[in-house]
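Here are my notes after a pass through this one, in the order I'd go through it at the screen. Have the viewer open and click along as you read.

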Amino acid sequence: MLNFATRRFGLSLLILFVAVTVMFLMIRAVPGDPVQIMLGPRATPELQAQLTAALGLDQPIWKQLLIFYGNLLQGDLGTDVFSGRAVTDIVFQQLPYTLELIFASILWSATLGIGLGAYAAAHPNTLIDRIAAAISVSFVAAPAFVVALLALLVFAVHLQWFPAIGAGDGFLDRLDHLVLPAFAIGLSWVGYIARLVRASMLEVMGESHVRTARAFGIAERRVVMVYALRIAILPVVTVIGVGMGFLLSSAVFAEIVFARPGLGKLVIDSITTRNYPIVMGSVLISTALFVVSTALADLINALLDPRARTAH
Amino acid sequence: MTETLLEIDHLSVDYETGRGDLKALRDITFNVNKGEIVGIVGESGCGKSTLISSILRLTAPNTRFREGEIRFKGQDLLQASDRQMRDLRGADISIVFQDPMQTHNPVLTIGQQMLDIQHRSKQSKADKLAHAAKMLGAVGIPDPEARLKQYPHEFSGGMRQRIAIAMALMSEPDLLIADEPTTALDATLEVQIIERLQELQREFHCAILFISHHLGVIAELCDRVVVMYAGAVVESGEVREIFHDPKHPYTRRLIECDPGHIKERARVLPTIPGEVPDLANLPGGCIFRDRCDQAMARCATDVPPLDQLKEGHHAACWLNHEEVTT
């Protein structure tokens, strides 16, 4: 197990390195000179040259990359071009908002999705199963930004059940502000996870070992919840791990629609102003988040499935 | 002395399918006495699996019990409640399934699974684990205490089948159903498992219903044998009787086809030509008629009854009737 974890960690670092390098090169391929965009058309050439040098943009790109990694290893992600604050400060200030949004979305959608899927699989081809299927498919088909706008309109503007914008202060207020955005980006996941769990459960329920468990008179509840669900959940854990990446991009919509602070909003804002250090910092943290979540999913899988521990 | 444990009494079972009812079992009748080993032999698709899943009532949802009774200690299992059935399973009736590689839960330790099947016992967890270890030792798993902590994939196929046998015998059942327990294993392991089963049967005095298509194993292990063909019993009797004096052409052909029986080198292995009749659309008369080289006019019109020819020896064939002279 420890061996498996070590190897998985090494792989994560490699993925992180490749992703960040590619991102570094890509952002420099975006058209438009950052210095001109930042300073505006009336800046003097001296001022432009000064900023270019300050940003290290006069160096060849490989040297820029080396400097970036050199600073990164010392925990320095650079400074915000406009405010001069450390990028780490800004990013880590925004990070909790995005994290709480993503975790809330995963939590409610996985709980409901697994429950719905397991229930449907335990009663295949019944009316309940068909209704669950219809609901799941329509949830999957609903894009997060549409749901976000509709939820905002219905629950915040008309019914006024939940606040429309911001992230709130204090635990309960923050929770209150989380409801609508988490609902919006989690909804399609409910359907997706439910379909996945149902298919996976039906497959497992047909396997011989389930018949064995029944042949020993083990209670049907335990057969479904322990003997079958524990195996059926494995692909779902992987999907949720990878899904963190998709949720990160959905979070961008939610943060814009609900005017929430967060990584997504920070990235969008800093790309439009070509604020490279902020973009790179946010992207680095997002990528790390994604890499950590997939690695975590693999580790959970290995904990749940003894075969995965030896297979790698 | 010979107390009847299990009575299959004129059992008929259908599967409802899109193309009509599949008559999987028709008019099956035989007994298993206490402490006796009865073999069921027949080709794939003859209804062996339907029969054992019917006994345990672990049948597919499209199964319909049309007629007959399955009596276990006098109680009709087809009328028993789900709760009563669940109380029987793994307690009075246990089963060892065919494929040892698939029979255990892959994500739970063997110890956990052996704990779970003792769910009726009031013993402490430590006592239950000790019992599990003792049973693993009894089927010849070395170092059983340590191996309880292992997962199924850490055992070989032969070991897994022995574990399955240990699990089935743990509650000291009155009836052990063994569904082709050696089919997925190679020949040397097969002998080991059979010998182990014999030893354990002497120790636990349970009756065994042993399903196989391997006649050699049946002859080795069983007291009596039931020969099934296309969902019906065609012959049943003492093992010695059946092997030395088969009274049904199908039994004779089965014995001829058994590789263990072939003494000379043959270029072509013997087979029984023809195919099993379509169970959804059964022809009238004898079901084996199309593949039988001794078929007569009467076989096409009348279904031969399962007649008692000698004490305990039954066969369903017109050739055994006195009015027929060949």
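1. Let's begin with the record for chain A. UniProt, in an unreviewed entry, puts "transmembrane region" at residues 101-122, 134-158, 178-197, 231-258 and 278-304 of chain A. From UniProt too, again unreviewed, comes the annotation "domain: ABC transmembrane type-1" over residues 95-301 of chain A. Keep in mind that what you're looking at is a predicted model.

2. How do those annotated stretches look in the coordinates? Residues 231-258 of chain A come out as 96% helix and 0% strand, with 38 Å between the end C-alpha atoms. For residues 278-304 of chain A the figures are 100% helix and 0% strand, and the end C-alpha atoms lie 38 Å apart. The annotated domain, residues 95-301 of chain A, is 85% helix and 0% strand, and its end C-alpha atoms are 26 Å apart.

3. Now chain A as a whole. It has 13 helices and 0 strands, so the pattern along the sequence is simply α-α-α-α-α-α-α-α-α-α-α-α-α. The C-alpha trace of chain A spans about 85 × 55 × 35 Å along its principal axes.

4. Have a look at α10(A). A straight helix of 38 residues would span 56 Å at 1.5 Å a residue, but α10(A) covers only 46 Å between its end C-alpha atoms. Where does α10(A) bend? At L229(A), by about 50 degrees. Just after α10(A) comes A259(A), with a positive phi of about 50 degrees.

5. Over to chain B. The unreviewed UniProt entry gives "domain: ABC transporter" at residues 6-255 of chain B. That span is 37% helix and 28% strand, and its end C-alpha atoms are 27 Å apart.

6. There's an open sheet in chain B worth tracing: 4 strands, in the order β2-β1-β4-β5, with antiparallel pairing. The edges are β2 and β5 (75-76) of chain B; each has a single partner strand, so one side of each has no neighbour in the sheet.

7. Some register details for that sheet. β1 (residues 4-17) of chain B pairs with β2(B) in the antiparallel sense over 10 bridges, and the two form a hairpin with 2 residues between them. Within that pairing, L6(B) has V32(B) in β2(B) as its bridge partner, while T4(B) is matched with N33(B) in β2(B). β1(B) also runs antiparallel to β4 (residues 63-72) of chain B, joined by 8 bridges; here D14(B) has R64(B) in β4(B) as its bridge partner.

8. On to the pockets. The largest pocket has a volume of about 1000 Å³. It is lined by 31 residues, and those nearest its centre are R214(A), L58(B), T59(B), A60(B) and P61(B). Which elements give two or more residues to this lining? From chain A they are α5 (87-122), α8 (171-205), α9 (208-215) and α10 (220-257), and from chain B α1 (48-56) and α2 (82-88). By class, the lining of the largest pocket has 16 nonpolar, 6 polar and 9 charged residues.

9. The second largest pocket holds about 710 Å³ of space. Of its 31 lining residues, D27(B), T29(B), V233(B), L306(B) and H314(B) are closest to the centre. The elements giving two or more residues to this lining are β2 (20-33), β9 (224-229) and β10 (232-238) of chain B. Its lining divides into 14 nonpolar, 12 polar and 5 charged residues.

10. Last, the enclosed space. How many cavities of 30 Å³ or more does the structure hold? There are 3, and the largest cavity has about 60 Å³ of space. Residues of both chains line the largest cavity, among them H209(A), F216(A) and Y227(A), along with H104(B), Q113(B) and M167(B). α9(A) gives the most to this lining, with 3 residues. The lining of the largest cavity has 6 nonpolar residues, 6 polar and no charged.

Note on methods:
Residues numbered from 1 in each chain as written. Chains lettered and ligands numbered in written order. Predicted model: local features only at pLDDT ≥ 70, side-chain atom pairs only at ≥ 80, totals over all residues. Heavy atoms only, no water. 1 Å grid on protein atoms, 1.4 Å probe; cavity = no way out; pocket = protein on both sides within 12 Å on 5 of 7 lines; lining within 4 Å. Points joined across faces, edges and corners; volume = space filled by probe spheres on them. Nonpolar A, V, L, I, M, F, W, Y, C, P; charged D, E, K, R; others polar. UniProt positions renumbered as here; feature names shortened; annotations may be inferred. Pairing = 2+ DSSP bridges. Expected span 1.5 Å × (residues − 1). Bend = angle between axes of the 7 residues up to and from the residue.
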